[in-house]
Amino acid sequence: MYIVQIASECAPVIKAGGLGDVVYGLSRQLELQGNCVEIILPKYDCMRYDHIWGLHDAYRDLWVPWYGGTIHCSVYCGWVHGRLCFFIEPHSGDNFFNRGCYYGCNDDNMRFAFFSKAAMEFLLQSNKRPDIIHCHDWQTGLLPVMLYEMYQYHGMGNQRICYTIHNFKHQGIGGVDVLWGTGLHNESYYFQYNKLQDNFNPFALNFMKGGITYSNAVTTVSPNHAWEAHYTDVGCGLGHTIHLHQQKFKGVLNGIDYEFWNPESDRYIPYHYSKTDFDQKLYNKKALREKLLLGESEKPIIAYIGRLDNQKGVHLVHHAMYYALSRGAQFILLGSATEAGINSHFWHEKHHLNNNPDVHLEIGFNEELSHLIYAGADMMVVPSNYEPCGLTQMISLNYGTVPIVRGVGGLVNTVFDRDYNEEKPPEERNGYVFYQTDFNALESAMDRAIGLWYVYPKEFRKLALQGMQYDYSWNNPAKEYMEIYENIRHK
Ligand code: ADP
């Protein structure tokens with residue numbers, strides 16, 4: 001099958017979060033399964049050019065209609081760790097992708113509406129006719145609208161669209177003028193409740209709603225998050241739209257790249273280990289302590305790795321740190337905050353705890369250190385407020401690090417409580433789950449984990465090994481996507 005992925009990120013060349021990992025990992029697995037996959041991305045000035053091999057211009061004169069005129073674009077082509085990527089560069093005074101950042105500009109809606117339009121024009125003008133166009137998140141929400149309202153009448157009648165939502169929080173809500181840019185001129189036609197009008201602001205347009213309404217299949221990144229988006233406020237106002245389109249909506253659990261996240265071959269950890277050679281993990285714990293100047297002692301290490309923001313339950317992260325210390329554990333935090341208040345709070349904590357040999361706070365983004373923490377820690381705490389899928393707990397499981405998670409989103413589909421679980425027999429359980437957002441809930445789960453580590457170390461080790469049995473690679477998710485593609489392809 002010929003599949004084109006269209007997105008605003010692809011790891012590691014453009015990565016702001018999980019979206020980039022998914023676009024890369026899914027594309028790689030789809031190719032391994034025998035498909036032809038291409039990826040279309042914006043050509044940002046700030047992307048990691050060192051991860052692109054053989055970048056060259058593939059299509060010099062792409063003229064993209066935009067408002068009353070046209071914008072001249074060049075399309076470059078190169079390989080990102082084996083994946084064939086096309087990067088669109090517009091030459092206009094707007095400088096859409098030369099901003100030194102991926103997101104966060106006042107005209108983001110305009111920038112990504114233009115990207116969607118340019119991607120469709122590129123397919124049309126270069127005669128690319130994929131069986132499936134797979135687009136992602138709000139940035140590409142207008143693309144299915146354009147396919148079915150315009151491009152299908154210009155020779156793209158056989159293309160089908162799968163649309164994946166990675167985060168409902170950002171939907172691309174804004175003014176209607178953007179429609180004129182894309183050529184969707186009939187404003188009153190599109191600006192209706194059953195089309196692109198935002199469900200709560202009657203004067204605003206909603207890209208993501210357009211994506212849901214017009215695509216042939218819509219997915220989000222875990223089955224439980226699909227349920228939450230449909231029936232709870234996690235859908236951020238799109239619950240009713242999902243309800244109307246529920247027959248084409250599904251949750252497909254993300255995978256992780258087992259080439260990159262593998263304790264048997266990880267290039268960032270000093271001691272490799274596996275299920276059958278689990279004792280080596282202890283040496284990584286020692287190395288981690290040495291690196292971060294933690295005291296050598298008979299204590300478990302509990303870690304947190306992730307963005308420091310409200311989605312991730314920062315108040316619980318903060319509490320977990322002090323509770324771990326009070327219960328005789330060590331704590332390591334690796335996180336970065338975009339919000340100034342949260343950032344300064346954790347810097348303050350870092351200074352406050354500077355001389356404590358049982359805790360280390362590393363504020364910032366550090367890929368290498370994250371690998372050593374996954375390998376050296378005993379437990380990983382993930383107390384998210386909401387979590388569409390979550391990669392940290394899946395990586396932890398593969399490194400034999402026991403996750404302690406809040407039961408939301410994809411965490412419910414991947415972590416099964418050791419003591420309380422009706423779904424899985426004891427030999428298939430792999431962590432600890434709590435549900436409420438208060439301190440008591442977190443403490444009780446941490447108590448159970450720390451208690452097992454101290455009192456029944458063999459049982460704790462067994463639990464860690466049970467986590468390593470799980471297969472959260474892209475293998476199964478890619479098969480599920482293939483099924484979805486096959487279903488829509490013949491409709
Ligand atoms: P989200 O996409 O919401 O940020 P995920 O759990 O889906 O969260 O993915 C987080 C990914 O980013 C994981 O691979 C995690 O290891 C990595 N990560 C998060 N924060 C950091 C950090 N400060 N340093 C290094 N890696 C990080």
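Between which two elements does the loop that holds N127 lie? N127 lies in the loop between α2 (108-125) and β6 (132-136), where helices (H or I, at least four residues) and strands (E, at least two) are DSSP runs numbered from the N terminus. N127 is not a glycine, yet it has a positive phi of about 60°.

The model is predicted, with local features requiring pLDDT of at least 70 and side-chain atom pairs counting only at pLDDT 80 or more, whereas totals for chains, interfaces and linings use all residues. Residues are numbered from 1 along each chain as its sequence is written, and side-chain values use heavy atoms, with hydrogens and water left out.

A second backbone feature is the cis peptide bond that joins A11 and P12, with omega of about -5°. P12 is found in the loop between β1 (2-6) and α1 (18-32).

Of the 21 residues around the ligand (a heavy atom within 4 Å of it), G18, R307, G364, Y374 and L391 come nearest. Polar contacts are pairs of N or O atoms within 3.5 Å; within protein, one must be able to donate a hydrogen and the other to accept it, and residues adjacent in sequence count only if both atoms are side-chain atoms. A polar backbone atom of G18 is 2.9 Å from an oxygen atom of the ligand. The side chain of R307 has an N or O atom 2.8 Å from a ligand oxygen, and for the side chain of K312 the corresponding distance is 3.0 Å. On its own the ligand has 570 Å² of accessible area (Shrake-Rupley method, 1.4 Å probe), of which the protein covers 92%. Two or more residues of the shell come from each of β12 (301-307), β13 (330-336), α12 (367-376) and α13 (392-398). The shell comprises 7 nonpolar, 11 polar and 3 charged residues; Ala, Val, Leu, Ile, Met, Phe, Trp, Tyr, Cys and Pro count as nonpolar, Asp, Glu, Lys and Arg as charged, and the others, Gly among them, as polar.

Helix α10 (residues 314-326) and helix α11 (residues 340-352) pack at an angle of about 5°, with axes 12 Å apart. Axes are lines fitted to C-alpha atoms, for helices over the stretch in contact, and angles run from 0 to 180 degrees between N-to-C directions. Helix α10 is therefore roughly parallel to α11, a term for angles under 35 degrees. V314, H318, M321 and Y322 of α10 make the contact (heavy atoms within 4.5 Å) with I342, H345, F346, E349 and H352 of α11. These residues divide into 5 nonpolar, 3 polar and 1 charged.

The axes of α15 (residues 439-455) and α16 (residues 457-468) come within 5 Å and cross at roughly 120°.

Technical notes:
Angles under 35 degrees count as roughly parallel, over 145 as roughly antiparallel, 65 to 115 as roughly perpendicular and the rest as oblique.
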